[in-house]
Amino acid sequence: MAEFPGQFGFSVSHTTREPRAGEEAGIDYHFVARDQMQRDIEAGLFVEHAEVHGNLYGTSIEAVQAVTRQGKVCLLDIDVQGAESVRQSALAGTCSFVFFAPPTAAVLEQRLRGRGTETEEKIQKRLSNSLKELAIYEANPGAWDLTLQWYNEQVEDAYQEFRSFLAGQLPKVASPEQIATVRNSPAFQGGACVITGPSGVGKSTLIKKLMAEFPGQFGFSVSHTTREPRAGEEAGIDYHFVARDQMQRDIEAGLFVEHAEVHGNLYGTSIEAVQAVTRQGKVCLLDIDVQGAESVRQSALAGTCSFVFFAPPTAAVLEQRLRGRGTETEEKIQKRLSNSLKELAIYEANPGAWDLTLQWYNEQVEDAYQEFRSFLAGQLPKVASPEQIATVITGPSGVGKSTLIKKLMAEFPGQFGFSVSHTTREPRAGEEAGIDYHFVARDQMQRDIEAGLFVEHAEVHGNLYGTSIEAVQAVTRQGKVCLLDIDVQGAESVRQSALAGTCSFVFFAPPTAAVLEQRLRGRGTETEEKIQKRLSNSLKELAIYEANPGAWDLTLQWYNEQVEDAYQEFRSFVAGQLVKSSELSASSSFRTNDV
């Protein structure tokens with residue numbers, strides 16, 4: 001909470017007991033009648049509840065959502081039985097489960113006594129309860145997404161593990177630099193892009209930048225309305241002004257992608273209005289509300305539309321932006337904030353339905369624009385940044401890189417390739433020059449490194465190893481994307497090379513250190529010494545990554561059972577970088593779940 005103020009929150013519990021002196025309804029508890037709370041529990045409106053000393057206590061679904069609607073992650077600090085109840089609730093699929101266990105019973109007792117505030121009777125009762133909780137946990141430890149155990153001197157390590165866990169599941173919380181969540185890259189050109197989000201979130205800022213940078217590439221459709229023209233309005237320019245009965249018939253005939261009634265008049269966007277833009281070779285931008293976006297999904301144009309949601313990083317930032325305009329009354333600001341909560345609630349009910357979600361703080365507007373611009377590359381190829389010729393793939397040994405790379409190579413033969421590295425060591429038996437390595441003299445390789453002809457290099461056991469620019473280009477001249485499977489230090493070298501602007505950077509991170517160790521041991525080919533060395537090296541690589549996670553274009557973390565989801569995310573990302581992308585363009589869209 002101290003490191004990420006405003007990112008996490010606690011729900012307000014319900015209780016049937018009477019308020020105590022100084023307690024405030026809605027702040028300390030929601031105080032409700034027993035029969036009402038009982039009915040709500042039976043109706044499935046609570047995620048957990050219990051009876052204590054004759055009074056009901058519990059957490060409602062609405063109380064949790066009241067926190068998440070503010071753009072926060074809701075922390076539920078509850079007992080094991082409560083956690084089991086949450087697993088059976090409607091929120092189970094959007095919850096992660098963490099169990100904090102003492103390393104030993106003796107350490108737990110030491111910590112309880114160390115408080116100096118507990119009677120002997122209370123200490124014994126807590127120890128007894130802890131045994132019951134641990135028994136429930138041990139009956140099914142796999143049901144918990146993360147288990148943490150630590151000795152007192154390891155508290156900082158435990159915190160980093162806890163923090164890292166949340167970073168993998170909730171990047172917007174742990175890494176404010178994680179601005180974009182791409183779930184689906186457009187598999188078509190032209191068409192429309194539906195842009196949605198609360199008023200004041202910053203849509204117009206990014207749209208104006210896009211229109212200014214690419215004049216004539218994007219356009220807005222002309223809406224229809226049944227109201228009378230106002231002074232200075234021109235038919236076909238400001239609106240298509242039509243009779244109500246005609247517009248009603250066209251809506252019923254499915255000729256509109258979205259419509260709504262406002263102050264007794266109909267407003268809407270027709271299929272023809274969108275196509276009038278696309279026939280000019282432009283992408284049509286539809287800046288509409290969430291309900292309008294839902295209507296577009298049901299229309300005949302749904303298959304050629306991408307969907308973008310602009311979300312505030314927090315409710316506080318949205319309010320700051322609205323007040324910063326200096327043009328809104330307090331009443332209007334409150335109304336806009338209220339409407340934003342409704343729009344966010346619709347979004348949060350199904351975030352996977354949006355192809356791109358953008359969240360950014362004010363100082364990140366340029367980064368957000370670059371993400372928006374890059375996303376539209378699939379619909380408007382000439383918008384894309386310079387051709388990507390290489391993908392740098394990095395991560396600790398054992399994290400699963402080779403698994404996903406092999407799947408990619410198998411699915412797209414001839415589309416990806418590896419460069420041939422240089423080395424100053426002597427060839428080994430069976431090695432072939434130009435196939436296994438380029439074998440060169442040390443003084444020659446040293447000169448080429450100093451001349452900037454290598455993207456990365458290192459000295460290992462007295463010999464130089466490295467990847468030259470020419471070796472990468474030898475792959476790309478074949479129409480392939482070059483995959484560079486190197487360590488973090490190598491990736492940093494690539495960033496300083498002449499190829500940096502044409503490379504993307506992917507980091508494969510383990511969801512937890514325990515999972516990484518499990519994968520290494522699962523190989524069955526490593527000695528204990530080598531496993532410990534690899535784990536030690538992984539901490540160093542992760543430390544470099546965590547020092548600047550925003551420097552990586554894609555970060556992937558997954559548990560073993562999520563390997564297919566991880567692959568689909570990886571596949572979708574590299575789709576925009578294929579030099580020969582005909583196979584991907586013709587295939588189905590790459591919609592994935594967040595990994």
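In the predicted model, Trp552 is buried, with a relative accessible area of 6%. Its aromatic partner is Phe505, and the two rings meet edge-to-face, at 6.3 Å centre to centre and with 80° between the planes. Phe505 is likewise buried, at a relative accessible area of 5%. The two residues are 47 residues apart: Phe505 belongs to strand β26, whereas Trp552 is found in the loop between α20 and β27, and the pair thus links distant parts of the chain. The ring of Phe505 also has a charged neighbour, as the charged end of Arg495 sits over this ring, 4.1 Å from its centre.

Strand β26 (503-508) is also one of the elements that give two or more residues to the largest nonpolar core. This core holds 22 residues, and those touching the most other members are Leu404, Leu408, Phe416, Leu483, Phe508, Leu556 and Phe570. Besides β26, the elements giving two or more residues are α15 (401-411), β25 (481-485), α19 (513-523), α20 (528-547), β27 (554-556) and α21 (563-575). Helix α21 gives the most, with four residues. In soluble globular proteins, nonpolar side chains tend to be buried together. The surroundings of Leu483 illustrate how the core is assembled: apart from neighbours within four places in sequence, Leu483 is in contact with Thr391, Ile393, Ile405, Leu408, Met409, Phe416, Gly417 and Phe418. Two of these contacts, Leu408 and Phe416, are themselves named among the core residues that touch the most other members.

Aromatic pairs also occur elsewhere, and a search of the whole structure finds 24 of them. A pair of aromatic rings is described by the distance of the centres and the angle of the planes. For Phe100 and Trp150, these values are 5.6 Å and 85°, an edge-to-face arrangement. Phe100 lies in strand β7 (residues 98-101) and Trp150 in the loop between β8 (146-149) and α6 (155-169), so the pair ties together parts that are 50 residues apart in sequence. The two partners differ in exposure: Phe100 is partly exposed, with a relative accessible area of 44%, whereas Trp150 counts as buried at 16%. In addition, ring pairs link Phe97, Phe99, Tyr137 and Trp144 into a cluster. Within this cluster, the ring of Phe97 carries the charged end of Arg87 over it, 4.1 Å from the ring centre.

The cysteines were examined next. The structure holds zero disulfides. The closest cysteine sulfur to that of Cys305 is in Cys284, and because the distance is 8.2 Å, the two are too far apart for a bond; a disulfide requires sulfur atoms within 2.5 Å. Cys305 counts as buried, at 7% relative accessibility. Cys482 is also in no disulfide, and the nearest cysteine sulfur, that of Cys503, is 8.2 Å away. With a relative accessibility of 0%, Cys482 counts as buried.

For the chain as a whole, the secondary structure comes to 22 helices and 27 strands. The chain has 595 residues, of which 43% are buried. Among contacts with a separation of 6 or more, 66% are between residues 24 or more positions apart. The exposed area of the chain is about 30,400 Å², and carbon and sulfur atoms supply 50% of it.

Note on methods
Residues are numbered from 1 along each chain as its sequence is written. This is a predicted model: local features need pLDDT of at least 70, side-chain atom pairs count only at pLDDT 80 or more; totals for chains, interfaces and linings use all residues. Side-chain values use heavy atoms; hydrogens and water are left out. Buried means under 20% relative accessible area, exposed over 50%, partly exposed in between (1.4 Å probe, protein chains only). Contact means heavy atoms within 4.5 Å. Accessible areas come from the Shrake-Rupley method with a 1.4 Å probe; for residues, only the protein chains shown count as cover. A nonpolar core is a set of buried Ala, Val, Leu, Ile, Met, Phe, Trp, Tyr and Cys residues joined through side-chain atoms within 4.5 Å. Rings of Phe, Tyr and Trp (its six-membered ring) pair if their centres lie within 6.5 Å; planes under 30 degrees apart count as stacked, over 60 as edge-to-face and the rest as tilted. A charge sits over a ring if NZ of Lys or CZ of Arg is within 6 Å of the ring centre and within 35 degrees of the ring normal.
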